[in-house]
Amino acid sequence: MKKIDLKKLEDLMIKNYKKQISFQQLQKEFLKNDDERIEYIKTELEKAYNEKNGKSINTLILAIYMFELYSERFVDILCKLTKEKWHGKHEDIAFYLQQLELPSTIDCIYELATSNFEKYQLDDNFALVRKC
């Protein structure tokens, strides 16, 4: 597996967003296949979870969506992240878990929908609950 750091991944995604590089170039620069990308992102998610690094979580969740990496291998770490208040990706994680349509994610999604995170208490639109 080619060595890549999270900062390089973030820079590549920004260049792609600004249309400075194509998506094909982004794919070529960020590891050689989806299996390697999944393994890298999973490892980095676990590291960010242990370090409580919300910025890294943001970048990694965005990468999952950008590369359309729908994998059961993310379920355990994403379910752990749904229980944490220190990041802001609960809605994205809920949506992702729903798209996987796995029975193993039902309890995780339910717990997230019924969580009592302070930042969602002021949301009169109940965006998180609707996504769950």
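Is threonine 59 buried or exposed, and what is its relative accessible area? In this predicted model, threonine 59 is buried, because its relative accessible area is 8%, which falls under the 20% that marks the limit for buried residues. The residue is found in helix α4, and, once residues up to four places away in sequence are set aside, threonine 59 touches Leu6, Glu10 and Met13. A walk through the structure can start from this helix and its surroundings.

Helix α4 has 13 residues and spans 18 Å from its first C-alpha to its last, close to the 18 Å expected at 1.5 Å a residue. At the N-terminal end of α4, asparagine 53 acts as a cap, with a side-chain oxygen placed 3.2 Å from the backbone nitrogen of lysine 55. Just after α4, glutamate 68 adopts a positive phi of about 50 degrees. Between these two points, the buried residues of the helix are Gly54, Ser56, Ile57, Thr59, Leu60, Ile61, Ala63 and Ile64, and the elements that cover them include α1, α3, α5 and α6.

The wider setting is helical: the protein chain has nine helices and zero strands, so that, under the DSSP assignment of helices and strands, reading along the sequence gives the pattern α-α-α-α-α-α-α-α-α. Of the 132 residues of the protein chain, 42% count as buried. Among contacts between residues at least 6 apart in sequence, 65% join residues at least 24 apart. On the outside, the protein chain exposes about 8,100 Å², of which carbon and sulfur atoms supply 49%.

Turning to the interior, the largest nonpolar core has 34 residues, and those with the most contacts inside it are Ile41, Leu45, Phe74, Leu78 and Leu97. At least two residues of this core are supplied by each of α1 (6–17), α3 (34–51), α4 (54–66), α5 (75–82), α6 (90–100) and α7 (106–113), and the largest share, six residues, comes from α3. Phenylalanine 74, one of the residues with the most contacts inside the core, touches Ile38, Ile41, Lys42, Leu45, Ile64, Leu69 and Tyr96 when residues up to four places away in sequence are not counted.

Helix α6 offers a further view of how buried residues are arranged. Its buried residues are His90, Ile93, Ala94, Tyr96, Leu97 and Leu100, and because they cover an arc of only 165 degrees around the axis, they lie on the same side of α6. An α-helix has 3.6 residues a turn, so residues three or four places apart point the same way. Just after α6, glutamate 101 takes a positive phi of about 55 degrees.

Cysteine 79 then connects this helix with its neighbours in the description. Cysteine 79 is found in helix α5 and is buried, with a relative accessible area of 12%. Not counting residues up to four places away in sequence, cysteine 79 touches Leu97 and Cys108; of these two, Leu97 is among the buried residues of α6. Cysteine 79 and isoleucine 93 are 14 residues apart in sequence, and their C-alpha atoms lie 8.3 Å apart in space.

How values were computed
Residues numbered from 1 in each chain as written. Predicted model: local features only at pLDDT ≥ 70, side-chain atom pairs only at ≥ 80, totals over all residues. Heavy atoms only, no water. Core = buried A, V, L, I, M, F, W, Y, C linked by side-chain atoms within 4.5 Å. Buried < 20%, exposed > 50% of the residue type's maximum accessible area, 1.4 Å probe, protein only. Helix = DSSP H or I, 4+ residues; strand = E, 2+ residues; numbered from the N terminus. Contact = heavy atoms within 4.5 Å. Arc of directions from axis to C-beta. Areas by Shrake-Rupley, 256 points an atom, 1.4 Å probe, with all protein chains shown as cover. Expected span 1.5 Å × (residues − 1). Polar contact = N/O pair within 3.5 Å; in protein donor to acceptor, adjacent residues only side chain to side chain.
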